[in-house]
Amino acid sequence: MSLNVLGSLATADGGGFQAPTAGEFYQPLLFDGPFAITRPAVVLLLSVGLIAWWLIASTKEAAIVPGKRQWVTEGAYGFVRNGIARDIIGSKDFLRFVPLLFSMFMLILVNNLFGVIPPIQYPTMSRVGIPVALTLVVYVTYHYIGIKRVGLRAYFKNLVPPGLPGWIKPSIFVLEVITFFVTRPLTLALRLFGNMFAGHILIVLFITGGWYMLTSGGILLPAAGAVTWIFGFVMTLFELLVEFLQAYVFTLLTALYIAGAVADEH
Amino acid sequence: MTGNIAILGYGLSAIGPGIGVGLIFAAYINGVARQPEARGMLQPIAFLGMAITEALAIFGIALAFVFRG
């Protein structure tokens, strides 16, 4: 966003500061309505292209002694493979899930980082549909694995941990079904969405609010605005941390859910 | 005074997760301080705990925007 846009945003509707709203995130570029090509769609396509190009380019001439680019790619891959997949799923059958986990991690990480990289500055995951789509993949994957491994009846039977007294089983069963089919996907999608959404709106609030105070005349208010703006930059750095963390947490939870489905006991 | 009570609700919903996340990282730091080589093992557990505890606050902010009117 250019500063002119910021200024007009801050002083829209005549006097008074307009705090940023959820409407901020709907930015159609082409067309309008449900089939509009919006900014997140373009950013998402860009990220996919960028990841594909980077992964191919950095591993095309893979050497035993890695170059700089290969080192970065291998670092990210090793982090997901050893730090997440192998530790959580276990060394027996983690390897077939590494492609899924690595794709998830890279896609979320790059899209989240786009939230603070200057010319783009739009966290794709702040549109709830995109985390929901990713979660749907995870949701189908872990249920499919679990049901394929033991069959539908046993899958539901295994939801209740063994060794419980009989009278408590029905209520635990209901709780576990809610956990597996409602809470898990809901929290997985909402966590990513909520963090990106809240973080971005916070930065927009600091920057627009700071700009509004800077341009509102007087002495004290612009001084406070300058402090607010500096704090906006600090929040951007904090956002960088959160963005990485959310990509990590999403992949970690995906691995955990898959581990629950492939594990022999509950 | 005007405003939206949903934001107040979000503030309330953030108290619990705030305390919870604090406790988790306190325990994590304690564990690493006592046994630095266990760091790699504790890290995923700590972040998992954080992710699960955080869920309530995330619900809070989502619902605050839902009930904004």
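# Two chains, asked about

Me: How many residues of chain A are in contact with chain B, and what makes a pair a contact?

Reply: In this predicted model, 13 residues of chain A are in contact with eleven residues of chain B. A pair counts as a contact if the two C-beta atoms lie within 7 Å.

Me: Which helices of chain A supply at least two residues each to the side that touches chain B?

Reply: Helix 3, helix 7 and helix 8 of chain A each do so. By class, that side of chain A has nine nonpolar, two polar and two charged residues.

Me: What is the secondary structure of chain A?

Reply: Chain A has eight helices and two strands. Along the sequence the pattern reads α-β-β-α-α-α-α-α-α-α. The C-alpha atoms of chain A fill a box of roughly 70 × 55 × 40 Å along the principal axes, and 30% of its 266 residues count as buried.

Me: And what does chain B have?

Reply: Chain B has two helices and zero strands. Its C-alpha atoms fill a box of roughly 55 × 20 × 10 Å along the principal axes. Of the 69 residues in chain B, 14% are buried.

Me: How do you know that chain B does not have the radius of gyration of a compact globule?

Reply: A compact globule of 69 residues would have a radius of gyration near 11 Å, whereas chain B has 16 Å.

Me: Why are helix 1 and helix 2 of chain B called roughly parallel or roughly antiparallel, and which is it?

Reply: The axes of helix 1 (residues 5–34) and helix 2 of chain B cross at roughly 175° and come within 8 Å. Angles over 145 degrees count as roughly antiparallel, and therefore helix 1 and helix 2 of chain B are roughly antiparallel to each other. The residues of this contact divide into 18 nonpolar, eight polar and two charged.

Me: Which residues have the most contacts inside the largest nonpolar core?

Reply: They are A:Ala85, A:Leu101, A:Phe105, A:Ile108, A:Phe250 and A:Ala255, in a core of 49 residues. To belong to a core, a residue of the listed nonpolar kinds must be buried and joined to others through C-beta atoms within 7 Å.

Me: Which elements give two or more residues to this core?

Reply: From chain A they are helix 2 (39–59), helix 3 (68–89), helix 4 (98–113), helix 5 (129–150), helix 7 (169–214) and helix 8 (220–262), and from chain B helix 2 (39–66). Helix 8 of chain A gives the most, with ten residues.

Me: What is A:Phe250 in contact with, leaving aside neighbours within four places in sequence?

Reply: A:Phe250 is in contact with A:Met104, A:Ile108, A:Leu188 and A:Leu192. There is also a second, separate core of seven residues, including A:Ile203, A:Val204, A:Tyr212 and A:Met213.

Me: Why does A:Gly146 count as buried or exposed, and which is it?

Reply: A:Gly146 lies in helix 5 of chain A. The cut-off for a buried residue is 20 or more other C-beta atoms within 10 Å; A:Gly146 has 23, so A:Gly146 is buried. Not counting residues up to four places away in sequence, A:Gly146 touches A:Tyr155 and A:Ala261. A:Gly146 and A:Thr124 are 22 residues apart in sequence, and their C-alpha atoms are 31 Å apart in space.

Me: What makes A:Tyr139 partly exposed?

Reply: A:Tyr139 is in helix 5 of chain A. A residue is exposed at 12 or fewer neighbours, buried at 20 or more, and partly exposed in between. A:Tyr139 has 19 C-beta neighbours inside 10 Å, so A:Tyr139 counts as partly exposed. A:Tyr139 and A:Pro185 are 46 residues apart in sequence and 6.4 Å apart in space, C-alpha to C-alpha.

Me: Why is A:Leu100 called partly exposed?

Reply: A:Leu100, in helix 4 of chain A, is partly exposed because A:Leu100 has 17 C-beta neighbours inside 10 Å. A:Leu100 and A:Thr251 are 151 residues apart in sequence and 9.3 Å apart in space, C-alpha to C-alpha.

Me: What is the phi of A:Gln121 near?

Reply: Phi is near 45° there, a positive value in a residue other than glycine. Most residues other than glycine have a negative phi. A:Gln121 is in the loop between helix 4 and helix 5 of chain A. With 16 other C-beta atoms within 10 Å, A:Gln121 is partly exposed.

How values were computed. Residues numbered from 1 in each chain as written. Chains lettered and ligands numbered in written order. Predicted model: local features only at pLDDT ≥ 70, side-chain atom pairs only at ≥ 80, totals over all residues. Helix = DSSP H or I, 4+ residues; strand = E, 2+ residues; numbered from the N terminus. Rg over C-alpha atoms; globule rule 2.2 N^0.38 Å. Nonpolar A, V, L, I, M, F, W, Y, C, P; charged D, E, K, R; others polar. Axes fitted to C-alpha atoms, helices over the stretch in contact; angles between N-to-C directions. Parallel < 35°, antiparallel > 145°, perpendicular 65-115°, else oblique.
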